[in-house]
Amino acid sequence: MKKLIDHIFFLRPMLILPVWIIAILGVRAADVREMASPLSVADIQAVLPDVLLMLLLTGLLYGATYIYNQIYDVESDRQNKKLFFLTDRIISFNSAYILVTVLNAVSVIGAFFLNITLGVLFLIVAILGILYSHPKVNYKGRAGKALWSNMFGCGMAPFLIGWAFFEGSISMEAVLKSLPYMLAVGAIYFNTTLPDREGDKKVGKKTYGVIWTVQHCQASALSRLVFAILFAFMAGDYVILIAAGLSSILFIKAYSSQKISDSVAATQTAILLLMIMACIYFPIFVIIAGGSLLATRAYYKWRFDLAYPKLK
């Protein structure tokens, strides 16, 4: 039983949660279109099983990507003192490779059964996940490629997955409306490179957190958030407009203070605001998000005696 639970949390549900949020907001954008109230509630109860299946397949897809990333991030995780699954041999490398293969196959094939466009998007994300972490390509170790991979893979792609689920296809309108989410994820990505900068430097990773100063990263994060706000206004997407607008206060504070802790707080706030918006549109997501948070916190306390995730 313990092994099964370990394998479930090896998928890193706290990283999957933001992807789910953006996928739901992609469904919302396709459903209510521009200038709709941020308090709009989904009228998709008739297709609820399909929505839950889409979220499950999306979770499996990104779980595979995150596991593959952990396989080739063992040394930097050891330096940064986090993610004990492979560093402490809780999960074997053989099991990790098998999980990546099975989860990618199940999620991609399942997505094709929902609709062709969704299947193609899943296949693109699965391939990008391999390119991101495989040492011969190593997008994650190259600052520019890591940034754009995250902006597309965790911003634009989940939004388009939600849109394609609802519409059955994607259009130029969908791509344009995904831009605020892509830019917001870019802003968040800059912040996430900062806490790991020392460990990443020791293992030779050239993230922006390593090659740039803290203030330069914070300025780049803030500038992308400003562009996200601009594009959200142009798209008439009040959800991302409100979330980005409110969280910009903390991004400005981080840039002013040059404290990494302020960047972490800005990131957490941005994700929390988007999660609230997703829960308003799709109320059942409250159970999914709340259950993921509570279960993860209980697991890490039980297994590693750590308070994770935490607000501070």
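**View 1. The second largest cavity, with about 30 Å³ of space inside.** Ala-184, Leu-225, Ile-240, Ala-243, Ala-244, Ser-247, Ala-270 and Leu-274 make up its lining. Two elements each give two or more residues to this lining: helix 13 (238-257) and helix 14 (260-281). Helix 13 brings the largest share, four residues. Sorted by class, the lining has seven nonpolar residues, one polar and no charged. This is a predicted model, where local features need pLDDT of at least 70 and side-chain atom pairs count only at pLDDT 80 or more, while totals for chains, interfaces and linings use all residues. Residues are numbered from 1 along each chain as its sequence is written, and side-chain values use heavy atoms, with hydrogens and water left out.

Some terms for the views: a cavity is a set of points on a 1 Å grid over the protein atoms alone where a 1.4 Å probe fits but cannot get out, a pocket is an open set with protein on both sides within 12 Å along at least five of seven lines, and lining residues have an atom within 4 Å of a point. Grid points are joined across faces, edges and corners, and the volume is the space filled by probe spheres set on them. Ala, Val, Leu, Ile, Met, Phe, Trp, Tyr, Cys and Pro count as nonpolar, Asp, Glu, Lys and Arg as charged, and the others, Gly among them, as polar. Helices are DSSP runs (H or I, at least four residues), numbered from the N terminus.

**View 2. The largest cavity, holding about 50 Å³ of space.** The structure has two cavities of 30 Å³ or more. Around the largest one sit Arg-28, Ala-29, Arg-33, Glu-34, Met-35, Ala-36, Lys-177, Ala-235, Gly-236 and Asp-237. Five of these lining residues are charged, four nonpolar and one polar.

**View 3. The second largest pocket, with about 250 Å³ of space.** Its lining is made of Ile-8, Leu-11, Pro-13, Ile-16, Trp-20, Leu-52, Leu-55, Leu-56, Gly-59, Leu-60, Ile-288 and Ser-292. Helix 2 (13-32), helix 3 (48-71) and helix 15 (285-304) each give two or more residues. Helix 3 has the largest share of the lining, at five residues. The class count comes to 10 nonpolar, two polar and no charged residues.

**View 4. Two tyrosines of helix 3, Tyr-62 and Tyr-66.** The structure holds 16 aromatic pairs (rings of Phe, Tyr and Trp, the last by its six-membered ring, with centres within 6.5 Å; planes under 30 degrees apart are stacked, over 60 edge-to-face, the rest tilted). Tyr-62 and Tyr-66 form one that is tilted, 6.3 Å centre to centre with 45° between the planes. They sit four residues apart, about one turn of the helix. Tyr-62 counts as buried because its relative accessible area is 2% (buried is under 20%, exposed over 50%, partly exposed in between, with a 1.4 Å probe and protein chains only). Tyr-66 is buried too, at 10%.

**View 5. Tyr-208 and Trp-212, another tilted pair.** Here the ring centres are 4.2 Å apart, and the planes make an angle of 45°. Tyr-208 is buried at 13% relative accessibility, whereas Trp-212 comes out as partly exposed at 23%.

**View 6. Thr-207, in the loop between helix 10 (197-202) and helix 11 (208-211).** At 3% relative accessibility, Thr-207 is buried. Leaving out residues up to four places away in sequence, Thr-207 touches Lys-140, Ala-143, Tyr-189, Thr-193 and Asp-200 (contact means heavy atoms within 4.5 Å).

**View 7. An aromatic cluster that takes in Trp-302.** The members are Phe-9, Phe-10, Phe-85, Tyr-299, Tyr-300, Trp-302, Phe-304 and Tyr-308. The charged end of Arg-303 sits over the ring of Trp-302, 6.0 Å from its centre (NZ of Lys or CZ of Arg must be within 6 Å of the ring centre and within 35 degrees of the ring normal).

**View 8. Positive phi at Asn-138 and Asp-305.** Asn-138 has a phi near 55°, and it isn't a glycine. Look for Asn-138 in the loop between helix 7 (116-133) and helix 8 (143-167), where it is partly exposed at 22% relative accessible area. Asp-305, not a glycine either, has a phi of about 55°. Asp-305 lies in the segment after helix 15 and is exposed, with 54% relative accessibility.
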